Amino acid sequence: MVIGGDGWEWDETLFSGTASFYRRGRLPYAPGLAHVLAQVLELDGRGRLIDLGCGPGTVALGLAGLFHEVVGVDPDAGMLAEAARGAAELEVAEKVRWVRARAEELPAGLGDFTVATLAQSFHWMDRERVAATVRRMLRPGGALVHISDLKGESRTVDGLPHPPVPRAAIDALVRRYLGPVRRAGRGLLPCGTPSGEHAILAGAGFAGPYRHVVPGEQAMVRTCDDVVAGVFSMSFSAPHLFGDRLPAFEADLRRLLREVSPSVCFSERRPGTEVFVWPRGAE
């Protein structure tokens, strides 16, 4: 995303080159997410889901069994190719459709939906415009579901067999190569990504929200390759940002990881998942 004098503008380089690392590198959502949404939204396998900013299909594929049809929307062709591979692996390709488009280009003739999901992608969008459009695309009784990792959670690896991922040291290494201000595609994010989603969704006419927390804390073992993939899956450390210094950065990153854990294995706990359900509300 680039914010200029005339307002919001999409930056197509935001996640350029990250798709092949995303599915391996990102920590998964809590395993009970689909079960909680099935109960809260009374899903019975019939409705339609639209997943905005779907990336490699992380949420859409995890919820595919709860709907008759799923549509994932994302502007990045690499992400959609990874999503299609995931759908084939899970044998759900016949009920999932991938659409290359920005959320700002909706409704794009996609019809109406029972549920819309946004998972840690809303801040990259023209949020007021998208919120208003998505509400119009929801059927009466439908809802928008905003999904994210649980904020402020402390996840220790006490009692687990390997050291934790050295995130502070990795962040310092990224800054050494890319500078002190967080990168985002062609732009910079000196103040981080925007907040205030609740006010925007309420202003668009949604009711609620109703908050649910899906507990995490499940122990995981992460390899060096997993951690490297996680770094390269992020918009602020996407491979293209390093230019011809990419091999040097990766070598330094792997050296750092070996110094912290000679076995190049790390212990991690899944984050909890925070869910805000926003009913479509009355006209």
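This report describes the overall form, the strands, the helices and the aromatic contacts of one protein chain. The model is predicted.

## Overall form

The protein chain contains nine helices and 13 strands. Its radius of gyration is 19 Å, close to the 19 Å that the globule rule gives for 283 residues, so the chain is as compact as a globular protein of that length. Along the principal axes, the C-alpha atoms fill a box of roughly 60 × 45 × 35 Å. Of the 283 residues, 48% count as buried. The exposed area is about 13,200 Å², and carbon and sulfur atoms supply 53% of it. When contacts between residues at least 6 apart in sequence are considered, 82% join residues at least 24 apart.

## Strand pairing

Strand β3 covers residues 48-52, and five of its five residues are buried, so β3 is largely enclosed by the rest of the structure. Arg48, Ile50 and Leu52 point one way from β3, whereas Leu49 and Asp51 point the other way. The buried set in this strand thus includes Arg48 and Asp51.

Strand β13 (273-279) gives a similar picture: six of its seven residues are buried, so β13 too is largely enclosed by the rest of the structure. β13 pairs with β7 and with β10. The strand pairs are listed below.

| Strand pair | Sense | Bridges | Citation of partners |
|---|---|---|---|
| β3 and β4 (residues 69-74) | parallel | five bridges | Asp51 with Gly72 in β4 |
| β7 and β13 | antiparallel | seven bridges | Ile147 with Val275 in β13 |
| β10 and β13 | antiparallel | five bridges | Val213 opposite Glu274 in β13 |

## Helices α2 and α5

Helix α2 spans residues 33-40, and its buried residues include Leu33, Val36, Leu37 and Ala38. The cover over the buried residues of α2 includes α3 (58-63), β7 (138-149), β10 (210-214) and β13 (273-279). Strand β13 therefore appears both in this cover and as a strand that is largely enclosed. After α2 comes Glu42, whose phi is positive, near 55 degrees.

Helix α5 (residues 127-137) holds Met137, and Arg135 is found in α5 as well. Met137 is buried, with a relative accessible area of 6%. Leaving out residues up to four places away in sequence, Met137 touches Ile50, Leu106, Pro107, Leu110, Gly111, Asp112 and Phe113. One of these contacts, Ile50, belongs to the residues that point from β3 together with Arg48 and Leu52. Another, Pro107, is 30 residues from Met137 in sequence, and the C-alpha atoms of the two are 7.0 Å apart in space.

Arg135 has a relative accessibility of 11% and counts as buried, since the cut-off for buried is under 20%. With residues up to four places away in sequence not counted, Arg135 touches Ala204, Gly205, Phe206, Arg280, Gly281, Ala282 and Glu283.

## Aromatic contacts

A pair of aromatic rings is described by the distance of the centres and the angle of the planes. A search of the whole structure finds seven aromatic pairs. In one of them, Phe21 and Phe232 are tilted, with 5.3 Å from centre to centre and 55 degrees between the planes. Phe21 lies in helix α1 (residues 19-25) and Phe232 in helix α8 (residues 224-232), so this pair ties together parts that are 211 residues apart in sequence. The two residues have unlike exposure: Phe21, at 25% relative accessibility, counts as partly exposed, whereas Phe232 is buried, with a relative accessible area of 2%.

Phe232 also pairs with Phe242; the ring centres are 6.3 Å apart and the planes lie at 75 degrees, so the pair is edge-to-face. Phe242 is in the loop between α8 and α9 (246-260) while Phe232 is in α8, so the pair ties together parts that are 10 residues apart in sequence. Phe242 is buried, as is Phe232. Ring pairs link both residues with Phe21, Tyr177 and Phe249 into a cluster.

A further contact with a ring involves Arg48, which lies over the face of Phe113 at 4.1 Å from the ring centre. Arg48 is one of the buried residues of β3, and Phe113 is among the residues that Met137 touches.

How values were computed. Residues are numbered from 1 along each chain as its sequence is written. This is a predicted model: local features need pLDDT of at least 70, side-chain atom pairs count only at pLDDT 80 or more; totals for chains, interfaces and linings use all residues. Side-chain values use heavy atoms; hydrogens and water are left out. Rings of Phe, Tyr and Trp (its six-membered ring) pair if their centres lie within 6.5 Å; planes under 30 degrees apart count as stacked, over 60 as edge-to-face and the rest as tilted. Helices (H or I, at least four residues) and strands (E, at least two) are DSSP runs, numbered from the N terminus. Buried means under 20% relative accessible area, exposed over 50%, partly exposed in between (1.4 Å probe, protein chains only). A charge sits over a ring if NZ of Lys or CZ of Arg is within 6 Å of the ring centre and within 35 degrees of the ring normal. The radius of gyration is taken over C-alpha atoms; the globule rule is 2.2 Å times the number of residues to the power 0.38. Contact means heavy atoms within 4.5 Å. Accessible areas come from the Shrake-Rupley method with a 1.4 Å probe; for residues, only the protein chains shown count as cover. Two strands pair if DSSP finds at least two bridges between them.
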